[in-house]
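Got your viewer open and a hand on the mouse? Let's take a walk through this one together, one selection at a time.

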Amino acid sequence: MSAESLEASCSKTRNPFTGAEADAVSVKVEGLSKSFGDLSVLKNVSFDVKPGEIFVIMGPSGSGKSVLLRHIAGLDIPTSGKVTVEGLDPSLAESRDRVRLALVFQAGALFNSLSVYDNLALYPREHRSGDENAIRARVMHALKILSVEQSAQQFPSELSGGMKKRVSIARALVMEPQLLLYDEPTSELDPVMGATISEIIATLKNEYSVTSIVVTHDRSLALTIANRVGILMAGKLISLGSPDDLTKSKDPRIVDFLNPKIDIEHPRFKKLETKDNL
Amino acid sequence: MKQITKVLEGVGSVVQLLLQSLSYAGTLPRQGARFIEQCYMIGYTTLPIVAILSFFIGTVLALEAGYAMEGFGAKEFIGSLVGLSMARELGPMMTSVLLAGRVGSAITAELASMKVYQEIDALTTMNIPAAKILVLPRLAAVLVMMPVLIIIANIVGWFGGSVVARYVSSVGISPEAYFAALRHYTKFKDVMNGTAKAEVFGFVVVLVCCDIGLNTRGGPREIGASVTRGVVVSLILILVLDYFVTKLLM
Ligand SMILES: Nc1ncnc2c1ncn2[C@@H]1O[C@H](COP(=O)(O)OP(=O)(O)OP(=O)(O)O)[C@@H](O)[C@H]1O
Ligand SMILES: [Mg+2]
C-alpha cells in the first residue's frame, strides 16, 4: 500500500471499546539531538510517521532507541530539534489531553503497589471514562487479549518478566491510544506470544487506525508488520524505507546488522578461555 | 554560591509542587480511598512509637522538674511544668521528628523508587499528575492526623509525668496535686498553639519528602541518598521553623 492511500484509508481512529471516532495522529521528528552531559545519544534524527502507520525502529543495543521513544512520548526534552505529535508538543499536559498516547516501557513500568487489575483500571478511573462495570469489562477484555486474565489480582512483583510485559501492553490498550509506542514488546515473550503481539499491532492499525511506533530487535516482527523501518546506529538514523528496501539493502552496516555472522573461532571468544582473563 | 543556587532551586521546586497539588484540591473527595490509606500510614502506624516516646518524655520532664523545683520548695508546680512543655514544645517537636524519621523516609523511598523505576513516567504518559494522586492525599492526611497524634502525645506525656510524680520518692506528689497544677496552668490555647506548630511541621515534612522523592534521578543507590536527604532536610526545617513559628504564635 502506498503511503498516500494509507493516509486516506486511515484518517480516523475508532476507539476499540466505545467505537468513538477520532483523528489518526501523525508524528514528526525534526533534527532531534539529545546529549546527557558529554554523551551525545541522538544526532540530528529526522523522520515522519503518517497517521495509521506502523513505523518500526531497529538498531543495536545502546543506539538510542529508548531515548528516541521517550522524546516522542514527551518524557525527555530535546537538546536541539523538535518532536511534534499531530502538531503538538508531546511534553505538555495540554497536548496529552488532546492526543491519547501510550508507551509500553522496555521494563514494563507497572505500578508496583497496585494489583494488575488496578494497574489497568487506573487510567479509565482517573479520566472518568465509564462506570466501574464498564471499566471492569474493558480491563478484563484487555487482559484476555494478552492471556493474563488469571493474574488480575496478583501484584507486579509476583509476575514473570514476560507476564509483566504483557500486562504492560494490556495497560496501554486500555488507554485506547491514538498513538501507541512499544519499546521491545516481544523481547521477553515466547514465539507464540510474539505472534499474538504482531497480530495486536496489525489489528489496531487495520481496524482502528492506531499509529504505532515499534522499537524491536525482533527481525521477523519488524519485517512482517512494518510499513516502514528506520535503522538507528549510534544515534543516527542510517536508513529509512520499506521492509523490502531494507532486506535488499547493500549497505554493509545493515547487511551485518540483519544477518549477524556468529564466528566462534573469533579471537575475542578465545580470550575468555585463557586463565589470565579469569 | 553553588550551594545557594541549589537551596533556591529546592525551595522553588517545593513551592511549585505545593501549588500544583493545591490546584487539584477539588479532586480530593473522589480520592477517598487514597486519603484513608495515607491516614492509616501516617497516623496509625506512627501512633505506637509516638505514645511510647511521649510517655518517657513526660517521665523525664517530671523527674527533672522535681529535681529543679525541690530547691524552691515548689514541687506542686511540677504538673504545670510538664503540662506546658509537653503541650507547647516537646509534644509537637518530638512527634514531628518521629514523623520525619518514620513517615518522611517511607514517603521519599516510595516516590523515589517510583521515579527510578519509571512509574512516574508512566503516570505522566497517562496524563495523571503525581501531584494529584501521590502528593495531595498525603498532604491532606498529615493535616488530619497530626492533631490526633499531638493530642495522644500530650495525654500520654502528662500521664507519664504523673506516674513519676507519684511513685518516685524524690518527687513524691499525689496525682491530684499534679493534675490540679497541670490543669490550672496549661490552657486550651497552649494545646492549640502546639497543635498549630505540629501541623506546620508535619505538612512541611511530607511536602519536602514528596519533592525530594519525585526529583530522584538514577538508580537504587540514589533512592537511598534521597531518603537520607529527605530526613536530614526535614529535621533541619523542623528545628529552624520551630523558632519562627513559636515567635509568630506568641
Ligand atoms: N538518563 C540517562 N542518562 C544518561 N545516559 C543515558 C540516559 N538514558 C540513556 N542513556 C544513554 O543513552 C544511550 C542510549 O540508550 P537507550 O536506552 O536509548 O538504548 P537502546 O537503543 O534502547 O538500547 P537497548 O536496545 O539495549 O534497549 C546509552 O548509551 C545510555 O547509556
Ligand atoms: Mg532500549
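Start by selecting B:S13, B:V14, B:L17 and B:S21, the buried residues of helix α1 in chain B. Keep in mind as you look that this is a predicted model. Now turn the view until you look straight down the axis of α1(B): the buried residues fall within an arc of 100 degrees, so they line one face of the helix. A bit of helix geometry helps here: an α-helix has 3.6 residues a turn, so residues three or four places apart point the same way.

Next, pick B:L8, B:Q16, B:L19 and B:S23, which are exposed on the other side of α1(B). What covers the buried residues? Show α6 and α8 of chain B, which are part of that cover.

While α1(B) is still on screen, try a ruler check. The helix takes in residues 2-23, and at 1.5 Å a residue those 22 residues should span 32 Å. Put your distance tool on the end C-alpha atoms: they are 32 Å apart, which agrees.

**Next stop: α2 of chain B**

Select residues 32-44 of chain B, which form helix α2. The ruler check works here too: the 13 residues should span 18 Å, and the end C-alpha atoms are 17 Å apart, which agrees. Which residues of α2(B) are buried? Colour B:Q38, B:C39, B:I42 and B:G43 to see them. Looking down the axis of α2(B), you'll find these buried residues within an arc of 110 degrees, so they line one face of the helix.

Flip to the face turned away from the buried side and you meet B:A33, B:I36 and B:Y44, which are exposed. To see what the buried residues of α2(B) pack against, switch on α3 (47-70), α4 (78-116) and α6 (130-167) of chain B.

**A residue on α3, then α8**

Since α3 of chain B is already showing, click on B:Y67, which belongs to that helix. Is B:Y67 buried or exposed? With a relative accessible area of 68%, B:Y67 is exposed. Now add B:V171: it sits 104 residues away from B:Y67 along the chain, yet the two C-alpha atoms are separated by 7.4 Å.

Move on to residues 188-214 of chain B, which make up helix α8. Its 27 residues should span 39 Å at 1.5 Å a residue, and the end C-alpha atoms are 39 Å apart, which agrees. How many residues of α8(B) are buried? The count is 20 of the 27, so α8(B) is largely enclosed by the rest of the structure.

**Zoom out on chain B**

Show all of chain B as a cartoon. You should find 9 helices and 0 strands. Its C-alpha atoms fill a box of roughly 70 × 45 × 30 Å along the principal axes. Chain B has 250 residues, and 50% of them count as buried. If you look at contacts between residues at least 6 apart in sequence, 86% of those in chain B join residues at least 24 apart. Turn on the surface as well: chain B exposes about 12,100 Å², with carbon and sulfur atoms supplying 71% of it.

**Over to chain A**

Now show chain A, where you can pick out 11 helices and 11 strands. Of its 278 residues, 49% count as buried. Here, 65% of the contacts between residues at least 6 apart in sequence join residues at least 24 apart. The surface of chain A exposes about 13,300 Å², and carbon and sulfur atoms supply 52% of that.

For a single residue to visit, choose A:T84 in strand β6 (residues 80-85) of chain A. A:T84 is buried, with a relative accessible area of 12%. Leaving aside residues up to four places away in sequence, A:T84 touches A:S26, A:V27, A:K28 and A:P90.

**Last stop: ligand 1**

Centre the view on ligand 1, which has 14 residues around it; the closest are A:S61, A:G62, A:K65, A:S66 and A:Q106. Zoom in on its oxygen atoms. One lies 2.8 Å from a polar backbone atom of A:G62. You can also find a backbone N or O atom of A:G64 that is 3.0 Å from an oxygen atom of ligand 1, and one of A:S63 at 3.2 Å from an oxygen atom of the ligand. Taken alone, ligand 1 exposes 640 Å², and the protein buries 61% of that.

To finish, highlight β4 (39-49) and α2 (65-72) of chain A, the elements that give two or more residues to the shell around ligand 1. The largest share, 3 residues, comes from α2(A).

Conventions:
Residues numbered from 1 in each chain as written. Chains lettered and ligands numbered in written order. Predicted model: local features only at pLDDT ≥ 70, side-chain atom pairs only at ≥ 80, totals over all residues. Heavy atoms only, no water. Helix = DSSP H or I, 4+ residues; strand = E, 2+ residues; numbered from the N terminus. Expected span 1.5 Å × (residues − 1). Buried < 20%, exposed > 50% of the residue type's maximum accessible area, 1.4 Å probe, protein only. Arc of directions from axis to C-beta. Contact = heavy atoms within 4.5 Å. Near = heavy atom within 4 Å. Polar contact = N/O pair within 3.5 Å; in protein donor to acceptor, adjacent residues only side chain to side chain. Areas by Shrake-Rupley, 256 points an atom, 1.4 Å probe, with all protein chains shown as cover.
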